[in-house]
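Here is a short briefing for someone meeting this structure for the first time. Please look over the sequence and the model before reading on.

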Amino acid sequence: MKYELIIEKLKIESEIEKLNKNFRKYIEQVFSPVFLNKLDRVFKEPLIIEDFKEKSNVMAITIGSQISVNTKMFNELTTDRAMVYIIHELFHVLQNKPQFNNIRRINKMLGMATMSKINEANINKFLTGKSQNIYSNYKDEFLSYCSNFAFDWSLAPSLKNEYYSILSNSGIFNMKSEWWLKRFKK
Ligand SMILES: [Zn+2]
């Protein structure tokens, strides 16, 4: 008899059906097949996404490897928009896990490239495209905000190519997918 090791594919469980249903489709666009395999190996259980109980305008937060979302606000978003937030938070989860040091390193490289060109006072504006405060330490946010595609590249146009090279050279991301093409089209 032949035994096969069956590896469950990473999925999420939340109160928002459209997220549960579409998560896999999106992460297949975000990550390279090799990296997806690693995700499937490391996460032996589905990623549980909790409802954000407090009344607040915060859409989603991650503490350690726990993502919490504002279900009410998520229900009003299109799937595409909702997944932007989930992928943003997923990048935080990976950064916080020792098995994904390479993700942490990518964020650091993006951060170094950014800070060599953007004045610290303008980092939030660069990340979000608006003059608004982000809720966490900006140093953890460079990779996560790649999901939002709100970067204000006009603050340092050459950064767009630098970001693309860093992401592409890592082998972690599926840069030819529509997900990434949308974010880095010339
Ligand atoms: Zn964030």
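The notes below go from the whole chain to its core, its strands and one loop residue.

This is a predicted model, in which local features need pLDDT of at least 70, side-chain atom pairs count only at pLDDT 80 or more, and totals for chains, interfaces and linings use all residues. Residues are numbered from 1 along each chain as its sequence is written. The chain has eight helices and four strands; here helices (H or I, at least four residues) and strands (E, at least two) are DSSP runs, numbered from the N terminus.

**Overall form**

- Along the sequence, the elements follow the pattern β-α-α-β-β-β-α-α-α-α-α-α.
- The C-alpha trace spans about 60 × 40 × 30 Å along its principal axes.
- The radius of gyration is 17 Å, which agrees with the value near 16 Å for a compact globule of 186 residues; it is taken over C-alpha atoms, and the globule rule is 2.2 Å times the number of residues to the power 0.38.
- Of the 186 residues, 28% count as buried; a residue is buried if 20 or more other C-beta atoms lie within 10 Å of its own, exposed if 12 or fewer, and partly exposed in between, with C-beta atoms placed from the backbone.
- Among contacts between residues at least 6 apart in sequence, 62% join residues at least 24 apart; two residues are in contact if their C-beta atoms, placed from the backbone, lie within 7 Å.

**Core and helix 4**

- The largest nonpolar core (buried Ala, Val, Leu, Ile, Met, Phe, Trp, Tyr and Cys residues joined through C-beta atoms within 7 Å) has 38 residues, and those with the most contacts inside it are Val 30, Ile 86, Ile 87 and Leu 143.
- Helix 4 gives the most to this core, with nine residues.
- Helix 4 has 13 of its 17 residues buried, so the rest of the structure largely encloses it.
- The end C-alpha atoms of helix 4 (residues 79–95) are 24 Å apart, in agreement with the expected 24 Å, which is 1.5 Å times one less than the number of residues.
- Leaving aside neighbours within four places in sequence, Val 30 is in contact with Ile 87, Phe 173, Asn 174 and Trp 179.

**Strands**

- Strand 3 (residues 60–63) and strand 4 (residues 66–69) pair in the antiparallel sense over four bridges; strands pair if DSSP finds at least two bridges between them.
- Ala 60 has Val 69 of strand 4 as its bridge partner.
- Two residues lie between these strands in their hairpin, where Gly 64 takes a positive phi near 65 degrees.
- In strand 3, Ala 60 and Thr 62 form the covered face, and Ile 61 and Ile 63 the uncovered one.
- In strand 4, Ile 67 and Val 69 point to one face and are buried, while Gln 66 and Ser 68 point to the other and are not.
- Strand 2 (residues 47–51) runs parallel to strand 4 and is joined to it by three bridges, with Glu 50 opposite Ser 68.

**A loop residue**

- Phe 149 is in the loop between helix 6 (123–128) and helix 7 (158–170).
- The phi of Phe 149 is near 35 degrees, a positive value in a residue other than glycine.
- Phe 149 counts as partly exposed because it has 14 C-beta neighbours inside 10 Å.
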